[in-house]
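Here is a quick tour of charges, contacts and surface patches. Have a look at the sequence and the fold, then read on.

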Amino acid sequence: VQRYKMGGHRRQICPLQIVNCRFCHQQMERRALHHHYRDICPEAMILCPYEPFGCNLRIRRRFLQQHLHDSQVRHSTLQTQSHDRIATEVEELRERYEDIDFDELRGLQEDAEELREIR
């Protein structure tokens, strides 16, 4: 970095510059800030890990363990409901698969190949 640009470099982009996390105020090198916020910062807002099952809570990371403890029954219910929906969907797909007439499909495929040859 050219000397006359060094001040701006340090303040704005230098990955080695010591900065404070804007949420928990912990000091670290700028290059560690993204990882810190994404994986460590106790003040970062995160989704509950049961979000795929329907728990839409956004919570500070430092409160997550308490939420998980307090919501065990709810999370278990959400998982059971999700499992039941998937099991129903699998059964419906299985029934649709069993209804397929593969002989008819083979005949249609042969007809399509004959039409391609005619062109």
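## Charges, histidines and a nonpolar patch

Let's start with glutamate 98, which sits in helix H4. Keep in mind that we're looking at a predicted model. At 57% relative accessibility, glutamate 98 counts as exposed, because the bar for that label is over 50%. Glutamate 98 has company, too: Glu89, Glu92, Glu95, Glu98 and Asp99 gather in a patch of negative charge on the surface.

Not every glutamate of helix H4 goes into that patch, though. Glutamate 91 pairs up with arginine 94 in a salt bridge, at 2.9 Å from N to O. Both partners belong to helix H4 (residues 72-98), and they are 3 residues apart, about one turn of the helix. How buried or exposed is glutamate 91? Glutamate 91 is partly exposed, with a relative accessible area of 34%. Arginine 94 gets the partly exposed label as well, at 43% relative accessibility.

Now for the rest of the salt bridges. The count for the model comes to 6. Among them are two that share glutamate 43. With arginine 60, the closest N and O atoms of glutamate 43 are 3.6 Å apart. That pair links distant parts of the chain: glutamate 43 is in the loop between helix H2 (33-40) and strand E3 (45-47), while arginine 60 is in strand E4 (residues 58-60), 17 residues apart. With arginine 62, the closest N and O atoms of glutamate 43 are 2.6 Å apart. Arginine 62 lies in the loop between E4 and helix H3 (64-70), so this salt bridge ties together parts that are 19 residues apart in sequence. Put together, Glu43, Arg60 and Arg62 make up a network of salt bridges.

What about accessibility in that network? Glutamate 43 is buried, at a relative accessible area of 15%, because buried means under 20%. Arginine 60 is partly exposed at 30%, and arginine 62 is partly exposed at 48%.

Here are the three salt bridges just described, side by side.

| Acidic residue | Basic residue | N to O distance |
|---|---|---|
| Glutamate 43 | Arginine 60 | 3.6 Å |
| Glutamate 43 | Arginine 62 | 2.6 Å |
| Glutamate 91 | Arginine 94 | 2.9 Å |

On to a couple of histidines. Histidine 36 is part of helix H2, and at 3% relative accessibility histidine 36 counts as buried. Which residues does histidine 36 touch, not counting residues up to four places away in sequence? The list reads Cys21, Cys24, Gln26, Met28, Cys41 and Arg61.

One of those partners, glutamine 26, deserves its own look. Glutamine 26 is found in the loop between strand E1 (18-20) and strand E2 (27-29). Glutamine 26 is partly exposed, at 41% relative accessibility. Setting aside residues up to four places away in sequence, glutamine 26 touches Val19, Asn20, Cys21 and His36. Leucine 16, which is 10 residues apart from glutamine 26 along the chain, has its C-alpha atom 15 Å from that of glutamine 26.

Histidine 67 is the other one to check, and helix H3 is where to find it. Histidine 67 is buried, with a relative accessible area of 11%. Leaving aside neighbours within four places in sequence, histidine 67 is in contact with Cys48, Cys55, Leu57, Ile59 and His75.

Back to the surface for something without charge. Tyr97, Ile100, Phe102, Leu105 and Leu108 form a nonpolar patch there, with about 470 Å² of accessible area together. Which helix gives the largest share of the nonpolar patch? That would be helix H5 (residues 102-118), with 3 residues. Leucine 108 is one of the patch members and lies in helix H5. Leucine 108 is partly exposed, with a relative accessible area of 46%.

One last stop is threonine 77, back in helix H4. At 38% relative accessibility, threonine 77 counts as partly exposed. The C-alpha atoms of threonine 77 and proline 42 are separated by 28 Å, and the two residues are 35 residues apart along the chain.

Conventions:
Residues are numbered from 1 along each chain as its sequence is written. This is a predicted model: local features need pLDDT of at least 70, side-chain atom pairs count only at pLDDT 80 or more; totals for chains, interfaces and linings use all residues. Side-chain values use heavy atoms; hydrogens and water are left out. A salt bridge is a side-chain nitrogen of Lys or Arg within 4 Å of a carboxyl oxygen of Asp or Glu. Helices (H or I, at least four residues) and strands (E, at least two) are DSSP runs, numbered from the N terminus. Buried means under 20% relative accessible area, exposed over 50%, partly exposed in between (1.4 Å probe, protein chains only). Patches are made of residues with over 30% relative accessible area and no salt bridge: like charges are joined within 9 Å, nonpolar side chains (Val, Leu, Ile, Met, Phe, Trp, Tyr) within 5 Å. Accessible areas come from the Shrake-Rupley method with a 1.4 Å probe; for residues, only the protein chains shown count as cover. Lys and Arg count as positive and Asp and Glu as negative; His and the chain ends are not counted. The place of a charge is taken as NZ of Lys, CZ of Arg, CG of Asp or CD of Glu. Contact means heavy atoms within 4.5 Å.
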